[in-house]
Amino acid sequence: MKEQGISRGKFIGLAGGITLLTFSGPWAKALEVSGIDLVSTPQLRLYYTIRLLKKLVTDIGPRPSGSRAYAKGAKIILQEMKRSLSDVNYDIYDFDYWELLNSSDLIIGGQHIEAVCQKKGLGTPNEGIRGVFIQNSKGFAIIDELSSETLAIFSINQYGKAIAGSPYMELSKPVPVFGLGKQDIPLLERSAQNKLMAFISADVRTSKSKGINVIGRIPGKSKNEILIISHADTIFNTPGANDNTSSVIVMLMLVHAAAVRQNNHTLTFVASDSEEYNYEGAYNYAEDRIADNTLKNIRYVLNFDSLTYGPNLWISSKDQGVKDLIREIHKDLNIDTKPIFDEGDGYVMDSLPFRASGAKALHANSRGYDEKTLPVYHRPDDTADKVPLDCVEISFLVFDEFIRRIDKE
Ligand SMILES: [Zn+2]
């Protein structure tokens, strides 16, 4: 379903104030016509990035799919696209909003251990779960003292502190799943050996809501199309500065830069929702495109996810030409970083639903500042100050040039 804009009353509030303060008077008028002045120099791009990181990440915080916070963020993204584009729309679908109302640490023998509930996972009964902490061949669990029935299971984040739990074993009856941090492994192992009593609780709620993609289009001379997608939602417990707000900001800067060009290809920019679940946003938009028989217009799909983990872009594509072009652009623009290439499919996560287009696909992530950036993955401290701003600039330069060059094909 496509909706032209959205009722004003519904989303009033957040976005307007800061914008007006920053760009009042004649500037506001000028920027409504074209946003190119926002991103024409490195200095302006830096300013643009910092300003949007503040509005989306710092001022709003976590923006999980289906939440009011996500809707606020989507409105800001819509307004930003509208600075340069006339064809900007919400693409809305039904989505069951899941929220964690309350949760406890994992408490074993009086020790508090950080634990994070699975996204869209089961909660515990009101009184919490109490049982024996064990380790089996698959991992850690709490089992009932008498029946030995599994009551909760735990997954470990091999990269650092606890992130949302992910299910890893088949159970006849589903149970709550929690994530734990790798630093706690010795304590967990000792607790399991000693068969200590453990407690945990999580209170969750689901309600009917909407998923919201933001779609901006720049008509080209031809209906052949380049589609750029970047997810705008976050996990429930993180403001998602690196994953994936900074990539969305790169995409918005590409919008402003491309809007003033006469492009051969039609350019479509998708700030997608629900990537952190099962890519419902991307699937919904791809279904729209199948329904109106335009999916096959797409010649390129570029999926940006976490472009700021380091200065070395990590490119997955099955297309050798795509990889050669990325390499060539680094050389031509004198960008002294080392792009990483793998044989992985460019159709992954949010680009997956577009596979039937037959387009060339590229998925971009990044590496290089791993010690600073990877530990904050899906953590509450993936905050604006953790975004290495040079990576934003590098991504902008490389992909702006990439789009210019593939547009000539
Ligand atoms: Zn992501």
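Let me begin with the packing of helix α10, residues 320-332, against helix α12, residues 389-407: in this predicted model the two helices pack at an angle of about 120 degrees, and their axes lie 10 Å apart. An angle over 115 degrees but not over 145 falls outside the perpendicular and antiparallel classes, and α10 and α12 are therefore oblique to each other. Their crossing is right-handed. If you look at the contact itself, the α10 side is made up of V322, L325, I326, E328, I329, H330 and D332, and these meet V398, F399, E401, F402, R405 and I406 on the α12 side.

Now please stay with α12, and turn to helix α5, residues 42-58, which packs with α12 at an angle of about 120 degrees, with axes 10 Å apart. Here again the description is oblique, and it follows from the angle, so I will simply state that α5 and α12 are oblique to each other. The crossing in which α5 passes α12 is right-handed. On the α5 side the contact is made by P42, R45, L46, T49, I50 and L53, while α12 contributes L389, V392, E393, F396 and L397.

F396 brings me to helix α8, because A257, which lies in that helix, touches F396 and D400, along with I36 and V39, when residues up to four places away in sequence are left out of the count. A257 is buried, with a relative accessible area of 6%, so that value sits under the 20% cut-off for burial. As for separation along the chain, A257 and D37 are 220 residues apart in sequence, yet their C-alpha atoms are 8.8 Å apart in space.

Helix α8 also takes part in the metal site, so let me move there. Which residues supply the protein donors of the zinc ion? They are H231 through NE2, D243 through an OD atom, and D305, which is listed with two OD donors, and the distances to the zinc ion run from 2.0 to 2.7 Å. In sequence, the spacing of these donor residues reads H-x11-D-x61-D. The pair D243 and D305 links distant parts of the chain, since D243 lies in helix α8, residues 241-259, and D305 lies in the loop between β14, residues 298-304, and β15, residues 312-316, with the two positions 62 residues apart.

What geometry does the site have? The angles among its four donor atoms run from 50 to 146 degrees, and the site is irregular. For reference, the ideal angle for four tetrahedral donors is 109.5 degrees. I would add a caution here, which is that water is not among the atoms, so a site may look incomplete. Both aspartates are buried, D243 at 4% relative accessibility and D305 at 7%.

D243 has a further feature in the backbone, namely that the peptide bond from D243 to N244 is cis, with omega near 15 degrees, and N244 lies in helix α8. Most peptide bonds are trans, and most residues other than glycine have a negative phi.

That leads to my last two residues. S148, in the loop between β7, residues 140-143, and β8, residues 150-157, has a positive phi of about 65 degrees although it is not a glycine, and S148 is partly exposed at 46% relative accessible area. K195, in the loop between α7, residues 185-193, and β10, residues 197-200, has a positive phi near 45 degrees, and K195 is exposed, with a relative accessible area of 58%.

Terms used: Residues are numbered from 1 along each chain as its sequence is written. This is a predicted model: local features need pLDDT of at least 70, side-chain atom pairs count only at pLDDT 80 or more; totals for chains, interfaces and linings use all residues. Side-chain values use heavy atoms; hydrogens and water are left out. Donors are N, O and S atoms within 2.8 Å of the metal (3.2 Å for Na, K and Ca); water is not among the atoms, so sites may look incomplete. Four donors count as tetrahedral if all angles lie between 85 and 135 degrees; four count as square planar and six as octahedral if opposite donors are over 155 degrees apart and all others between 65 and 115; anything else is irregular. Helices (H or I, at least four residues) and strands (E, at least two) are DSSP runs, numbered from the N terminus. Buried means under 20% relative accessible area, exposed over 50%, partly exposed in between (1.4 Å probe, protein chains only). Axes are lines fitted to C-alpha atoms, for helices over the stretch in contact, and angles run from 0 to 180 degrees between N-to-C directions. Angles under 35 degrees count as roughly parallel, over 145 as roughly antiparallel, 65 to 115 as roughly perpendicular and the rest as oblique. A crossing is left-handed if the near helix is turned anticlockwise from the far one by less than a right angle, and right-handed if clockwise. Contact means heavy atoms within 4.5 Å.
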